[in-house]
Amino acid sequence: LRRVGSPRLGLCWDLGHAARNNLLGDDAPLPRGFLRRVRHVHVHDVNDEGEDHYPLIYGNVSFAFYLRQLKRAGFAGAVILELNGHHLARLGGDGGAMIRESLTSISK
């Protein structure tokens, strides 16, 4: 971002991928100034096998903690619930209810 030098260039922070990477041992701290450059956030859960893009049903992604950090940093961008339809279908049950519950959790 510094090399490009444009204030219009921002970051997409995928919280599910960050959580999955932490499970794999990559727990590097965020670079200085990272939160101020985030413009777009992807939120999804990771199952116990490390597969991502699930509704927020497993509790393996600390999305509320990260979203609070972003809010304190002045974040005003988009928050996207990023799901894999195949995972949702394999779960069975009421997929619509899982999506609504996930969206409600994000908006708190």
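# A tour of side-chain contacts

Select Trp13, Phe34, Phe65 and Tyr66 to begin: together these residues form one aromatic cluster. The model on screen is a predicted one. Across the whole structure, a search finds four aromatic pairs, and two of them are visited here.

**Stop 1: Trp13 and Phe34.** Keep Trp13 and Phe34 selected and hide the rest of the cluster. Their rings make an edge-to-face pair, with 5.2 Å from centre to centre and 85 degrees between the planes. Trp13 belongs to strand 1 (residues 11–14) and Phe34 to helix 2 (residues 34–37), so the pair, 21 residues apart, links distant parts of the chain. Are these two rings buried or exposed? Trp13 is buried, at a relative accessible area of 6%, and Phe34 also counts as buried, at 17%.

**Stop 2: Tyr54 and Tyr58.** Move the selection to Tyr54 and Tyr58. This aromatic pair is edge-to-face, with the ring centres 5.4 Å apart and the planes at 90 degrees. Colour the two residues by accessibility. Tyr54 counts as buried, at 4% relative accessibility, whereas Tyr58 is partly exposed, with a relative accessible area of 31%.

**Stop 3: Asp52 and Arg20.** Leave the aromatic rings and turn to charged side chains. How many salt bridges does a search of the whole structure find? The search finds two. For one of them, select Asp52 and Arg20, whose closest N and O atoms are 2.6 Å apart. The pair links distant parts of the chain: Asp52 sits in strand 4 (residues 52–54) and Arg20 in helix 1 (residues 15–23), 32 residues apart. Asp52 is buried, with a relative accessible area of 11%. Arg20 counts as partly exposed, at 24% relative accessibility.

**Stop 4: Glu51 and Arg90.** Now select Glu51 and Arg90. Their side chains meet in a salt bridge, at 3.7 Å from N to O. Which parts of the chain does this pair tie together? Glu51 lies in the loop between strand 3 (45–46) and strand 4, while Arg90 lies in helix 4 (residues 85–91), so the salt bridge joins parts that are 39 residues apart in sequence. With a relative accessible area of 33%, Glu51 is partly exposed. Arg90 counts as exposed, at 55% relative accessibility; the cut-off for exposed is over 50%.

Note on methods:
Residues are numbered from 1 along each chain as its sequence is written. This is a predicted model: local features need pLDDT of at least 70, side-chain atom pairs count only at pLDDT 80 or more; totals for chains, interfaces and linings use all residues. Side-chain values use heavy atoms; hydrogens and water are left out. A salt bridge is a side-chain nitrogen of Lys or Arg within 4 Å of a carboxyl oxygen of Asp or Glu. Helices (H or I, at least four residues) and strands (E, at least two) are DSSP runs, numbered from the N terminus. Buried means under 20% relative accessible area, exposed over 50%, partly exposed in between (1.4 Å probe, protein chains only). Rings of Phe, Tyr and Trp (its six-membered ring) pair if their centres lie within 6.5 Å; planes under 30 degrees apart count as stacked, over 60 as edge-to-face and the rest as tilted.
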